[in-house]
Amino acid sequence: MKNRIVSSVLFIFIGALLILFPLYILPVCPLPDAQAIPATTMAGDGHMHSTPGKIMKCFWTARAEIGIGSLVIAIGALVLFSRSLFVRIGLSMALACTAVLAAAIPTILIGVCGNEMMRCNMGAKPALILLAIVLVIAAISNVLYLNKQVNKQIR
Amino acid sequence: MQEKPITIANLAWRNIQRRPFRSCCLIIIIMLFSATLFGGSVLMKNLSLGISGMANRLGADILVVPYGYEKNLEVALLRGEPSSFYLKADLIDKIKVIKGVKAVSPQLFIASLNAGCCTSKVQLIGFDQQSDFVIKPWLQTQLNQPLNNNQVVVGSKITANVGDEIKFFNHPFKVAAKMDSTGMGFDTSVFMTIPTAQLLMKEANLIEGDTEHFANYVSSIFVKVDPDYQPKDVVNQMMPKYAIDYNIDFVMTKGMLSNISKWLNGFSTIVYSLSAIFWVLAIIVIFVIFSSSLNERKREISLLRILGASRSDLVKMLLRESLIISALGGIAGIVIAGVLIYAFSLLICQSIGLPCMNISITDGLIYALMVFMLTLIIGPLSSIYSALSLTKFDTYQTLREGE
């Protein structure tokens, strides 16, 4: 019971931070004026001198992290309601994999603005990577702990 | 499965594990101390490295700017925040002949467009290649040929390499050289010749007012003073002659840097005071917790005595307990502060608005070791009294208590 509450609260908290960091706490670059955005605008190549009004990579990274954060929150909630140790081990493993995805979004899969001095590069990117690392550590620790419990029960 | 033998080390570790909440709280208090001290020290070192690097390599002793724009120049130099201001260029020749002036070099500042999400704010700076003594010392590789109208030198934080093409106001430029990290505003600046900068301003319609004679204007004049003369004396010569006619003001780089040093001293006082408070707080809290648990642990200690543990063994066990807590708190604090400073160093420097350079790994390790040693003292120091007094009571009486 104790493990279920502690681990689930921790996962939900990290999931919420994955959403809040790129949006509010250390936000990515602000969106250009609405009129300036063409209807078919796609993510740019990260070059720092883009045309005015172009939506850049960091915007899509923030959007993707909303999805990943929601998924982490959902899995965290499932951990709370799962009585079976094996199900919780499986959910924690899934969370570890999701954490890798959360780190890959701002680094490999989508990325952030090219210029090192942009606020998405200085704040949101390292914050998301750190959160992903914390989530991986928490999820793996939970898997190891639950595995120990399972072994105890078998014995 | 084989059971572990009961040793003093095992007992100390099991005691910590038996009370996870109490142990975690103590570790967190010690962690606060080590994180504050380590993080603050590394941050101060980063800032002082940035400031000394700037002082050593800026080269200029006096900066001449239009009256009222001293702060703009400081901000452009320290943070690279773009701004534009102008003064008449014929002042350069007049300054050159002043006694004590060793070298004079003008610069023309252009603020690049700041439109849209990720179009970065870049300070474009036109410099005079012949007289320059400010930009050249920072170049990673020396220029083989003078810059032409389509070439620029970029700061270390500009995402472009030598040979790349970058666009400003729709004009393509080739990167001819890249600068070393300066830790100041030059890192986010782009340098070109003054005629190129003037051409760019004309093309981009950035010039207002006296457009015909725009070539006769620069933004600031960097003055290097002969080592035999004081910058103050040179300013005293310039002030009555040109200050009113040209509506100019002077920024003494030493004064600017000493202001920053003063700020840094204030910052270090706060960091060390906070660390001292956490250090004392950690000692008091551990002392109180160990002393208050004295009574509840009397029976445990008596049993251990009966099982054959000597008084010195018990003191060792209690000291080891507090040492493990201190070590865990110290390591956690150093790791957390180190990771946060490494990850957010750029953001922190940008927020403070001062030049910043990362310290070397060796220096970082030395700081970590010093903080860790200070942290290790906390546990034994605060628990020594409890440890000694625990062994003074009568074993038989304690065990019979409550019967």
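Okay, quick one on terms before we start: when I say helix or strand, I mean a DSSP run, with at least four residues for a helix and at least two for a strand, numbered from the N terminus. On that footing, chain B has 11 helices and 11 strands.

Keep in mind that what's on screen is a predicted model. The predictor gives the complex an ipTM of 0.81 and a pTM of 0.77. For chain B, mean pLDDT comes out at 83, with 92% of the residues at 70 or more. And the usual caveat: where pLDDT is low, don't read the predicted coordinates in detail.

So, overall shape. How does the radius of gyration of chain B sit against that of a compact globule of 403 residues? The globule would be near 22 Å, and chain B has 31 Å. You can see it in the C-alpha trace too, which spans about 105 × 50 × 35 Å along its principal axes. Of the 403 residues in chain B, 38% are buried. Now look at the contacts with a separation of 6 or more: 83% of those in chain B join residues 24 or more positions apart.

Let's zoom in on strand S10 of chain B, residues 220-225. Why do I call this strand largely enclosed by the rest of the structure? Because 6 of its 6 residues are buried. Go face by face: one side of S10(B) carries Ser220(B), Phe222(B) and Lys224(B), the other has Ile221(B), Val223(B) and Val225(B), and all of them are buried. Yes, that list includes the lysine, Lys224(B).

Which strands pair with it? One is S1 of chain B, residues 62-66, which runs antiparallel to S10(B) over 3 bridges. There, Val64(B) has Ile221(B) as its bridge partner. Another is S3 of chain B, residues 101-111, also antiparallel to S10(B), over 6 bridges. In S10(B), Ser220(B) is the residue opposite Gln107(B).

Last stop, helix H10 of chain B, residues 361-390. That's 30 residues, reaching 44 Å from first C-alpha to last, close to the 44 Å expected at 1.5 Å a residue. Where is the kink in H10(B) centred? On Ile384(B), with an angle of about 45°. The buried residues of this helix include Tyr367(B), Ala368(B) and Val371(B), then Ser382(B) and Ser383(B), and further along Ser386(B), Ala387(B) and Leu390(B).

That's my tour; over to you.

Terms used:
Residues are numbered from 1 along each chain as its sequence is written. Chains are lettered from A and ligands numbered from 1 in the order in which they are written. This is a predicted model: local features need pLDDT of at least 70, side-chain atom pairs count only at pLDDT 80 or more; totals for chains, interfaces and linings use all residues. pLDDT is the predictor's confidence in each residue, from 0 to 100. A residue is buried if 20 or more other C-beta atoms lie within 10 Å of its own, exposed if 12 or fewer, and partly exposed in between; C-beta atoms are placed from the backbone. Two strands pair if DSSP finds at least two bridges between them. The radius of gyration is taken over C-alpha atoms; the globule rule is 2.2 Å times the number of residues to the power 0.38. Two residues are in contact if their C-beta atoms, placed from the backbone, lie within 7 Å. The expected span of a helix is 1.5 Å times one less than its number of residues. The bend at a residue is the angle between axes fitted to the seven residues ending there and the seven starting there.
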